[in-house]
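Please examine the sequence and the three-dimensional view shown below before reading on. This report then describes selected features in formal terms.

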Amino acid sequence: MKIAKVLVPVLFWVGLAIIVVGVIMGLIADASYLGSNPFSPQSLALIFGQVASPIWEGLALIAGSVIIGRLYGAS
């Protein structure tokens, strides 16, 4: 169970880093298009396409860390 004790904070912080870095990189990648058409449907779809995947991946890691933490705490 020592592995779970180390794994929980690592998964949490990696998930948080993926969310933050993924959102920033998605916005930077689309900055030129967003500057020319800030509120068009295409720019909103582009932002969603670039940002949604890192958010879901980060949330999955954070949820995994919470589940492992609860399982480790229960045993």
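The paragraphs below treat confidence, the first helix, its surface, its aromatic pair and a few distances.

**Confidence of the model**

The structure is a predicted model. The mean pLDDT of the protein is 87, and 96% of its residues reach 70 or more. Among the elements, helix 1 (residues 2-29) has the highest mean pLDDT, at 90. The lowest mean, 78, belongs to helix 2 (residues 31-36).

**The length of helix 1**

Does the span of helix 1 agree or disagree with the number of its residues? Helix 1 has 28 residues, and at 1.5 Å a residue it should span 40 Å. The C-alpha atoms at its ends are 40 Å apart, so the span agrees with what is expected.

**Buried residues and the nonpolar patch**

Which residues of helix 1 are buried? They are Ala-4, Leu-11, Gly-15, Ile-19, Gly-22 and Gly-26. Two of these glycines can be described further. Gly-15 has a relative accessible area of 0%, and Gly-22 has a relative accessibility of 13%. Both values count as buried because the limit for that class is under 20% relative accessible area.

In an α-helix there are 3.6 residues a turn, so residues three or four places apart point the same way. This general rule may be kept in mind when the list of buried positions is read along the sequence.

A nonpolar patch of about 760 Å² lies on the surface. The residues that make this patch are Phe-12, Trp-13, Leu-16, Val-20, Val-21, Ile-24, Met-25 and Ile-28. One of them, Val-21, is found in helix 1.

**The aromatic pair**

How many aromatic pairs does a search of the whole structure find? The search finds one. The ring centres of Phe-12 and Trp-13 are 5.3 Å apart and their planes stand at 80°, so this pair is edge-to-face. The angle leads to that class because planes over 60 degrees apart count as edge-to-face. Phe-12 is partly exposed, with a relative accessible area of 31%. Trp-13, in turn, is exposed, with a relative accessible area of 56%.

**Positions compared in sequence and in space**

The table lists pairs of residues with their separation along the chain and the distance between their C-alpha atoms.

| Pair | Separation in sequence | C-alpha distance |
|---|---|---|
| Gly-15 and Leu-71 | 56 residues | 19 Å |
| Gly-22 and Tyr-72 | 50 residues | 29 Å |
| Ile-18 and Ser-53 | 35 residues | 9.8 Å |
| Val-66 and Pro-41 | 25 residues | 36 Å |

Several residues in the table can be placed within the helices. Gly-15 is found in helix 1, as is Gly-22. Ile-18 also lies in helix 1, and its relative accessible area of 27% makes it partly exposed. Val-66 lies in helix 3 (residues 41-74). At 40% relative accessibility, Val-66 counts as partly exposed. The C-alpha atoms of Val-66 and Pro-41 are 36 Å apart in space, with their places 25 residues apart in sequence.

Methods
Residues are numbered from 1 along each chain as its sequence is written. This is a predicted model: local features need pLDDT of at least 70, side-chain atom pairs count only at pLDDT 80 or more; totals for chains, interfaces and linings use all residues. Side-chain values use heavy atoms; hydrogens and water are left out. pLDDT is the predictor's confidence in each residue, from 0 to 100. Helices (H or I, at least four residues) and strands (E, at least two) are DSSP runs, numbered from the N terminus. Patches are made of residues with over 30% relative accessible area and no salt bridge: like charges are joined within 9 Å, nonpolar side chains (Val, Leu, Ile, Met, Phe, Trp, Tyr) within 5 Å. Accessible areas come from the Shrake-Rupley method with a 1.4 Å probe; for residues, only the protein chains shown count as cover. A salt bridge is a side-chain nitrogen of Lys or Arg within 4 Å of a carboxyl oxygen of Asp or Glu. The expected span of a helix is 1.5 Å times one less than its number of residues. Buried means under 20% relative accessible area, exposed over 50%, partly exposed in between (1.4 Å probe, protein chains only). Rings of Phe, Tyr and Trp (its six-membered ring) pair if their centres lie within 6.5 Å; planes under 30 degrees apart count as stacked, over 60 as edge-to-face and the rest as tilted.
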